Amino acid sequence: MIVGSTTSSDAVRLVTPTMLLLWLVLATVPLWIARIGLYPYLGIEILIWALYALAFNLVLGTAGLPSFGHGAYFGIGAYAFGLCQFDIVANLWICLAAAALAAGVAGAIVALFISHRRGIYYAFMTIAFGQIFWTLSIKSHRVTGGEDGLLKIRRLPADFGVVSFDLTDNVAFYYFVLAVFAVGIVVLWRLVHSPYGRVIAAIKQSEVRAAHLGYNVWLYKASVFTLSAALSGFAGGLFAMAQLAAFPDVMSLHQSGYVVMMTLVGGGLVSFWGPVIGVLLFLTARDVIGAFTNAWMLYFGLLFMAIVLFRPEGIAGAIAAAMQQHSLNALRRRGSSAMRLLFGGGR
Amino acid sequence: MSMIEAAGVHVRFGDRVVLESVDLAVAEGEFHGVMGPNGAGKTTFFNVLTGRVKPDRGSIRLGGEDVTGLSPHRIAAKGIARSFQIMTLFDEFSARDNVMMGLPAFRARGLDMIRAAAGDRSLLDQASGALAAVGLADKADVRAKDLSYGDRRALEIAVALAQAPRVLCLDEPTSGLGSDGVQRLATLVAQLKGKLTIVAIEHDMEFLFSLADRISVIHWGQVVARGTPQELQRNEWVRRSNLGKFA
């Protein structure tokens with residue numbers, strides 16, 4: 001299976017039953033999250049990282065391009081959001097657009113240099129550029145605040161002209177992020193199942209074949225990387241609002257590795273929903289296992305290794321396989337019932 | 001005017017000269033066979049023709065237009081479709097989706113991020129037509145990787161046909177096929193003959209000599225003989241070589 005290849009009826013829908021169910025469940029989170037010992041801010045983090053991981057999976061899962069420095073674009077978005085509200089205009093929509101734009105421009109510049117590459121060379125180039133951006137964020141004290149980060153970023157109100165929502169409270173901000181996440185899901189779902197998404201998925205399988213069918217492979221690779229970077233930057237802008245700051249840490253190599261891990265564990269290579277599952281598992285594990293031990297990453301790392309070794313298609317792949325097995329068993333049961341009816345019982 | 005005109009094509013990889021002043025002209029609607037021993041430079045010539053390899057010297061003209069050194073996607077858009085010696089399909093896609101990728105109408109929408117890729121009736125009909133032409137109508141929903149070897153070969157040709165090409169380049173299309181598969185392919189190629197220009201590299205001499213209008217023999221990167229199948233059967237070089245045993 002491959003992301004974007006589905007020809008089911010869901011592929012032509014703008015909103016699917018899975019989306020509706022997911023949004024419904026997520027809308028209830030603030031009502032019960034505190035009762036299970038967690039907190040609303042975790043919900044915000046999960047939604048933002050899920051959006052980021054979905055954007056990242058455009059490159060890794062749909063296009064099959066190994067990008068290991070994607071944290072750079074998430075971080076650039078966070079800085080751009082803060083700098084925009086400090087130096088340009090304190091307007092939520094403009095600052096979020098600036099976050100996407102800045103990360104998109106950075107992504108486009110990188111894409112110019114890497115889109116003729118593939119495989120390990122592509123991966124190394126993404127790491128190298130990610131490290132450059134990370135170093136720049138640390139060294140540019142006057143712009144980014146260096147290692148201290150960009151502090152005092154505000155959660156700007158969501159102004160719709162006639163009505164304005166204050167987002168300083170975590171629950172209000174959660175619902176704002178959920179609304180953005182819902183729109184993001186629809187946009188990404190449609191993109192993955194559009195002709196563009198189909199071409200990207202085809203390029204993943206064979207660049208040579210795609211080129212000989214008349215597709216400009218370089219252009220598609222560059223554009224999907226740029227898009228992914230822009231959307232990651234958008235998520236980064238939301239993250240700056242959530243954290244009320246922007247730090248260089250999210251741009252580091254190990255933080256870039258987190259999003260790869262989340263995506264792979266969740267099953268991003270085979271399912272659109274894989275990154276969402278991965279983020280949910282990763283951040284919940286961080287808080288739940290982290291409550292018992294500082295070495296939570298050791299346990300998550302073991303889980304990651306187990307998945308890579310035994311279920312490389314990730315959790316979403318395992319769920320799909322289990323469902324397939326279930327329907328196969330049901331079919332077998334129906335088959336043997338029919339045989340009993342035809343040829344009598346066992347006696 | 002020739003549909004394809006290669007003039008003085010010269011390719012070298014490092015110290016090794018792979019093609020040396022190859023001249024080859026293919027008329028519109030002609031089935032032109034290319035034969036020669038392994039390592040003769042046949043596939044490299046195909047790669048030059050389809051933009052995968054840039055020649056060091058020489059030119060390639062398609063319908064009079066110079067296409068030398070253009071990238072594969074631009075040459076494909078100008079009307080040269082190809083199959084590969086080592087089958088190259090989108091394995092995870094269904095047969096129908098593979099064919100759909102080749103349709104010029106789908107290619108024109110390639111940058112469309114708004115509409116759904118599936119569900120366009122006219123594209124589905126075109127794809128079904130191309131599959132029916134190669135006998136795969138009932139396997140449209142089967143993933144390419146789950147098809148039999150012969151069906152995969154047929155699918156490669158269906159994808160190339162879906163491109164509505166002016167020139168169809170087939171790189172060893174009978175390779176790995178059983179006698180039934182070769183017969184099916186021969187019937188298909190016979191139906192296509194005259195409708196579009198076909199250039200085929202082939203080791204199956206019976207297939208080639210029964211279908212080709214003209215054949216060129218490439219050896220050591222040079223065209224050493226050319227002519228109709230009957231002329232080649234009388235050609236001294238071909239008769240002396242291993243190829244003559246089958247001709």
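Helices and strands are taken here as DSSP runs, of at least four residues for a helix and at least two for a strand, numbered from the N terminus. In those terms A:K152 sits in the loop that joins helix 6 (141-144) to strand 1 (158-159) of chain A. The model described in this report is a predicted one.

**A loop residue of chain A**

A:K152 has 10 other C-beta atoms within 10 Å, and because a residue with 12 or fewer such neighbours is classed as exposed, A:K152 counts as exposed. Its position brings together distant parts of the sequence, since A:K152 and A:A245 are 93 residues apart along the chain while their C-alpha atoms are 6.0 Å apart in space.

**The contact between the chains**

Chain A contributes 27 residues to the contact and chain B contributes 30 residues. On the side of chain A that touches chain B, at least two residues come from each of helix 7 (170-192), helix 8 (195-205) and helix 9 (207-212) of chain A. Helix 8 of chain A gives the most to this side, with 7 residues. By residue class, the side of chain A that touches chain B consists of 14 nonpolar, 10 polar and 3 charged residues.

**The largest nonpolar core**

The largest nonpolar core holds 177 residues, and the members that touch the most other members are A:I48, A:F81 and B:A158. Helix 10 (residues 217-243) of chain A gives the most to this core, with 16 residues. From chain B, the core draws at least three residues from each of domain 1 (2-79 + 165-246) and domain 2 (95-162). Which residues surround B:A158, leaving aside its neighbours within four places in sequence? B:A158 is in contact with B:V99, B:A130, B:L131, B:A133, B:V134 and B:L136.

**The two domains of chain B**

The domain assignment of chain B divides it into domain 1 (2-79 + 165-246) and domain 2 (95-162). The centres of these two domains of chain B, taken over C-alpha atoms, are separated by 26 Å. Their contact takes 9 residues from domain 1 of chain B and 7 residues from domain 2 of chain B. On the side of domain 1 that touches domain 2 of chain B, the largest share, 3 residues, comes from helix 7 (residues 179-192) of chain B. That side of domain 1 of chain B divides into 5 nonpolar, 3 polar and 1 charged residues.

**Two sheets and a helix in chain B**

One open sheet of chain B has 6 strands in the order 6-7-8-3-9-10, with mixed pairing. Its edge strands are strand 6 (80-82) and strand 10 (222-227) of chain B, each of which pairs on one side only. Neighbouring strands of this sheet are turned against each other by 20 degrees on average, direction ignored. Within the sheet, strand 3 (residues 31-35) and strand 8 (residues 197-201) of chain B run parallel and are joined by 4 bridges, and B:G33 stands opposite B:A200 in strand 8 of chain B. Helix 1 (residues 42-49) of chain B packs on this sheet, touching strand 3, strand 6, strand 7 (167-171), strand 8 and strand 9 (214-219) of chain B, and its direction makes about 150 degrees with that of strand 7 of chain B.

A second open sheet of chain B has 4 strands in the order 2-1-4-5, with antiparallel pairing. Strand 2 (16-27) and strand 5 (65-66) of chain B each have a single partner strand, so one side of each is left without a neighbour in the sheet. Strand 4 (residues 57-62) and strand 5 of chain B pair in the antiparallel sense over 2 bridges, with B:E65 in strand 5 of chain B as the bridge partner of B:L62. Helix 1 of chain B also packs on this sheet, where it touches strand 1 (2-13), strand 2 and strand 4 of chain B, and its direction makes about 65 degrees with that of strand 2 of chain B.

**Positive phi values in chain B**

Most residues other than glycine have a negative phi. The table gives two residues of chain B with a positive value.

| Residue | Phi | Place |
|---|---|---|
| B:S21 | near 45 degrees | strand 2 of chain B |
| B:E172 | near 50 degrees | loop between strand 7 and helix 7 of chain B |

Are these residues buried or exposed? B:S21 is partly exposed, with 14 other C-beta atoms within 10 Å, whereas B:E172 counts as buried because it has 20 C-beta neighbours inside 10 Å.

Definitions and conventions: Residues numbered from 1 in each chain as written. Chains lettered and ligands numbered in written order. Predicted model: local features only at pLDDT ≥ 70, side-chain atom pairs only at ≥ 80, totals over all residues. Contact = placed C-beta atoms within 7 Å. Nonpolar A, V, L, I, M, F, W, Y, C, P; charged D, E, K, R; others polar. Core = buried A, V, L, I, M, F, W, Y, C linked by C-beta atoms within 7 Å. Domains from an automatic or database assignment. Pairing = 2+ DSSP bridges. Axes fitted to C-alpha atoms, helices over the stretch in contact; angles between N-to-C directions.
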